[in-house]
Structure formats: structure tokens, C-alpha cells
Amino acid sequence: MARKSLLGGRRVTAPQAFLLAASFLITLGSFAVLPYMSVLLHQRLGLGLGTVGIVLAVASLVQFSGGVFAGALAERIGLRATMLTALAVRTAGFAAFVPGMASSVLAVGALFLVSCGAALYLPANKAYLVEGAADADRPRLLSASGSAFNAGIALGPPAAAPFVLGSPTVFFSCVTALFALVGVGHALLPPPVAHPAADAARAATGNAARLRRPDDGPPPFAVTVLSVYVFMFFQHYLALYAVPRTSATYYGAVLTGYACLLVITQPLLSRWIAALAYADAVKVGFGSMAAGTAVIACGGYAGIGAGAALMCLGEIVLFLKNDLEALARSRAAPAAVFGRQRLAAGLGAFGSGAVGGQVYAGAEAMGSARAFWLAVCLQALVLPVLLTAAVRRGHIGVFAHKPGATRAPKEQKRPSRG
């Protein structure tokens, strides 16, 4: 049964509405825990900071790169079963934290279970959400999903702050119960329903539309790597830069404002983002990130606040458009597409983490942390240009779609080569 939604007046089915609500609850529960893991592992369980860093880095890599297995699993057992499997693994991970607060081995094992569950869940969640949806509905659904996830990310840490460190056993028990209840809801979901009318319309119009666009720009996989690479400099190092120059309170207000702007604005801009040519979206997104880091380099309350807003615009445009373009160019199942996009995000985050500390330390050694943001600005301007040039010269082919190539309908047989 369908009902009206806020997605531009379009209809959202009851299962889609449930998944959007579940996306918020799952992220709320996860980010009530994950931001505090370094404190729990180091202060409560006594692991050294170097060990904690390695554990968190590997867990993050598993969470991102493991998404490629979600597509294969969904192909074998279905989207709903994949989500249930992911939630079962994740629930077991949070349950293992209860005794894990007395054992570092159990705590690390619990963290990896949670990361494995997250790797499997998100691609299947997004794929179920857009399964059979018309192309015009996909931007609104994906933007609403992103808003739900980001709302959970924003509210999770402050909601957990009074409990996670003082009463971790009770707190982890509550999070485990939350995930178990969400899992029960997923068990009641119907199998995803394909809509032949939408599929036929996509098959009939997709090729013609693509023939009118001879230059599709760089492959979404590579653009996603660069998007996350540039963005994670902001994510990781804004606190280090902003708190000494403003205050911890102002930094917290910037994060809250950023989250609110992201949650509210992305659905409002989804139709405009979907209509942008991919090459134009890349220019707008990276241009906004470059402008944001340049403004942050100016320092002060106004510069840091305005720079964060510009970074938010870059994230909204690039992250949504990359997913939409990856779907449009691929004949693979949506779960496989989203899994590859998660892998790309993981590679970008890993690269940013490996480079960022050295660049920031070098900037401070020069006596000016502002040089760090100018270096990020330069990368945001130069890297997309280099990627586009490499694509045009045929040096980049990872998950790329050849410009002007058509996508045959699934039922059409390929001609034999005999």
C-alpha cells in the first residue's frame, strides 16, 4: 500500500517508509557507540593508542570494503535476507559488547562483527529502497535515505553521552534490544517488488538519453574515491583546527548546524542534482569543497562556519550524484552497484587518513595550520581535472562506462561471436 510522502509529492510504499525509519534508528544506535570506541578501548580496557588506531582503521576498512560482498550475497539469497543477515551479525556484535567490557579480545571481536554487519546492510538497504522505482523517484528516495542516516549520525553521540561511559553494560544491552526489534521489522518486509512499467520505461528511454550525452565524464567509482578523499580531510581535522581558534561550544554548534543543513537540504535539492549533467555536478561539488576549505583557511568564527556550509553543499551534490550516476551506467544489480560505491568510499577514506596526518603535521611545522586547508583546496581543484584528463586519454577504466555506449535490455541476448 502506498502513501503520500514529502518526496516532492511522490508516493512511498509502506516498506520504503519503514526502511527510511529503520535507517535512522540503525544509525542512531550505531553512532551512539562508534564515536566512543577509542575511549572505551583505551581508557576502560587499557589498549595502547597505537593498537587502538590500528583496530579502528581495520574496522573502518572492513565496514567500507566489505560492501562488495553484499551484492554477491543479495544475488544469492535476496535483498531482504541479506538485510536480515546483516542485522543478525550486527545485533550479535552489540550483544558481545556486554561481556566485552571486561575483555579487550571480546570488545575487538564485537567491533568487527558490527563492522561486518554494517558492510552488508547498507548496499542491500539502498537496493531494496530503489528496486523497481522509476528513475525520477530514485533521487528523492536516496536523498531521503541519506537524510535519515545523517540524522542518526548527528543525534547518536549526544544521546549516548550520559550513558555509554558511565553504564556501558546497560547501554549496550539497550542498543542490542533496539537492533533486535529493527530486525524483527525487517523479517516482516515483503520481498522487493519489481515494477515492469518502470523497468520498461528505463529500457526504452535510457539508451536514447545516453546517446544525447556523448561525454559522460569520469567513472563514478573514481569520482567517489576522490570525493570521500577530499571530504575526510574536513571530517578528521576541522576539530583540531577550529577549537583552538574558536571554542569547543562553537565547534559543536557548527557540527549541529552542518547536520541540520544536510538533512533538510539534500531532499530539497535532489531533483536539481538529478538533472545536472555528471560533469557539471563534479565541477559544482569539488568547486564547493575547494571554496569551503579556502574559506576555512581564513579562520575565525565566520570563516569556519561559512566554510562548513560550503563543504556541506559539496557533500550533498557529489555523494548523491555519484550514486545516481553509478546506477544509471551499470547493468549490475543495485546492491552490487552500491557495494562498489562503498568500496570506493573506503578507499578514499583510507587514502585521506594515510595522507592527512602528515600534511597537517607539515603545515604546523611551517607555523601555519592554514596551509593545510589551502593544500586541501588545491587538491579539490586539481584532482578532478587530472582524473578527467586521464579518462579522456584512456588511462582510467575502473568500473567505467564507455561514453556513448548503450545498455541493452536484460532480456536481449548478445550476438554470438562465431
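**Close-up views of a predicted model**

**Figure 1. Residues that join helices H10 and H12.** From H10, the residues Pro220, Val223, Leu226, Ser227, Val230, Phe231, Phe234, Leu238 and Tyr241 meet Tyr278, Val282, Phe286, Met289, Ile296 and Ala297 of H12. The model shown here and in the other figures is predicted. The axes of H10 and H12 are 12 Å apart and make an angle of about 15°. Angles under 35 degrees count as roughly parallel, and H10 and H12 are therefore roughly parallel to each other. Their crossing is left-handed.

**Figure 2. Surroundings of phenylalanine 233 in helix H10.** Phenylalanine 233 has a relative accessible area of 0%, so this residue is buried. Leaving aside neighbours within four places in sequence, phenylalanine 233 is in contact with Leu238, Ser352, Val355, Gly356, Phe372, Trp373, Val376 and Gln379. One of these residues, tryptophan 373, is 140 residues away along the chain, and its C-alpha atom is separated from that of phenylalanine 233 by 8.6 Å.

**Figure 3. Helix H15 and the helices that its buried residues pack against.** H15 covers residues 370–392, 23 residues in total. From the first C-alpha to the last, H15 reaches 34 Å, close to the 33 Å expected at 1.5 Å a residue. The buried residues of H15 are Phe372, Trp373, Val376, Cys377, Gln379, Ala380, Pro384, Leu387 and Ala390. They pack against helix H10 (220–245), helix H12 (278–297) and helix H14 (334–365). After H15 comes glycine 394, which has a positive phi, near 80°.

**Figure 4. Two cysteines, 377 and 260, in a structure that holds 0 disulfides.** Cysteine 377 belongs to H15. With a relative accessible area of 12%, cysteine 377 is buried, because buried means under 20%. Cysteine 260 has a relative accessibility of 41% and counts as partly exposed.

**Figure 5. Packing of helix H3 against helix H6.** H3 spans residues 49–65 and H6 spans residues 104–130. Their axes lie 8 Å apart at an angle of about 25°, and the two helices are therefore roughly parallel to each other. The crossing in which H3 passes H6 is right-handed. On the H3 side the residues are Val55, Leu56, Val58, Ala59, Val62 and Gln63. In H6 they meet Val108, Leu111, Phe112, Ser115, Cys116, Ala118 and Ala119.

**Figure 6. Leucine 106 in helix H6.** Leucine 106 is partly exposed, with a relative accessible area of 41%. Not counting residues up to four places away in sequence, leucine 106 touches Pro99 and Gly100. Glycine 93 is 13 residues from leucine 106 along the chain, and the C-alpha atoms of the two are separated by 9.5 Å.

**Figure 7. Tyrosine 128, also found in helix H6.** Tyrosine 128 is buried, with a relative accessible area of 5%. Apart from neighbours within four places in sequence, tyrosine 128 is in contact with Pro15, Leu19, Leu79, Met83, Leu189, Pro190, Pro191 and Pro192. Tyrosine 128 and proline 334 are 206 residues apart in sequence, while their C-alpha atoms are 8.3 Å apart in space.

**Figure 8. Packing of helix H1 against helix H8.** H1 (residues 14–31) and H8 (residues 168–187) pack at an angle of about 160°, and their axes are 10 Å apart. Such an angle makes H1 roughly antiparallel to H8, since angles over 145 degrees count as roughly antiparallel. H1 passes H8 in a left-handed crossing. Phe18, Leu19, Ala22, Leu25, Ile26, Gly29 and Ser30 are the residues of H1 that meet H8. Their partners in H8 are Val175, Leu178, Phe179, Val182, Gly185 and His186. Leu19 of H1 is also one of the contacts of tyrosine 128.

**Figure 9. The protein chain from which the views are taken, with 15 helices and 2 strands.** The chain has 418 residues, and buried residues make up 47% of them. Among contacts between residues at least 6 apart in sequence, 82% join residues at least 24 apart.

Methods
Residues are numbered from 1 along each chain as its sequence is written. This is a predicted model: local features need pLDDT of at least 70, side-chain atom pairs count only at pLDDT 80 or more; totals for chains, interfaces and linings use all residues. Side-chain values use heavy atoms; hydrogens and water are left out. A disulfide is a pair of cysteine sulfur atoms within 2.5 Å. Buried means under 20% relative accessible area, exposed over 50%, partly exposed in between (1.4 Å probe, protein chains only). Helices (H or I, at least four residues) and strands (E, at least two) are DSSP runs, numbered from the N terminus. The expected span of a helix is 1.5 Å times one less than its number of residues. Contact means heavy atoms within 4.5 Å. Axes are lines fitted to C-alpha atoms, for helices over the stretch in contact, and angles run from 0 to 180 degrees between N-to-C directions. Angles under 35 degrees count as roughly parallel, over 145 as roughly antiparallel, 65 to 115 as roughly perpendicular and the rest as oblique. A crossing is left-handed if the near helix is turned anticlockwise from the far one by less than a right angle, and right-handed if clockwise.
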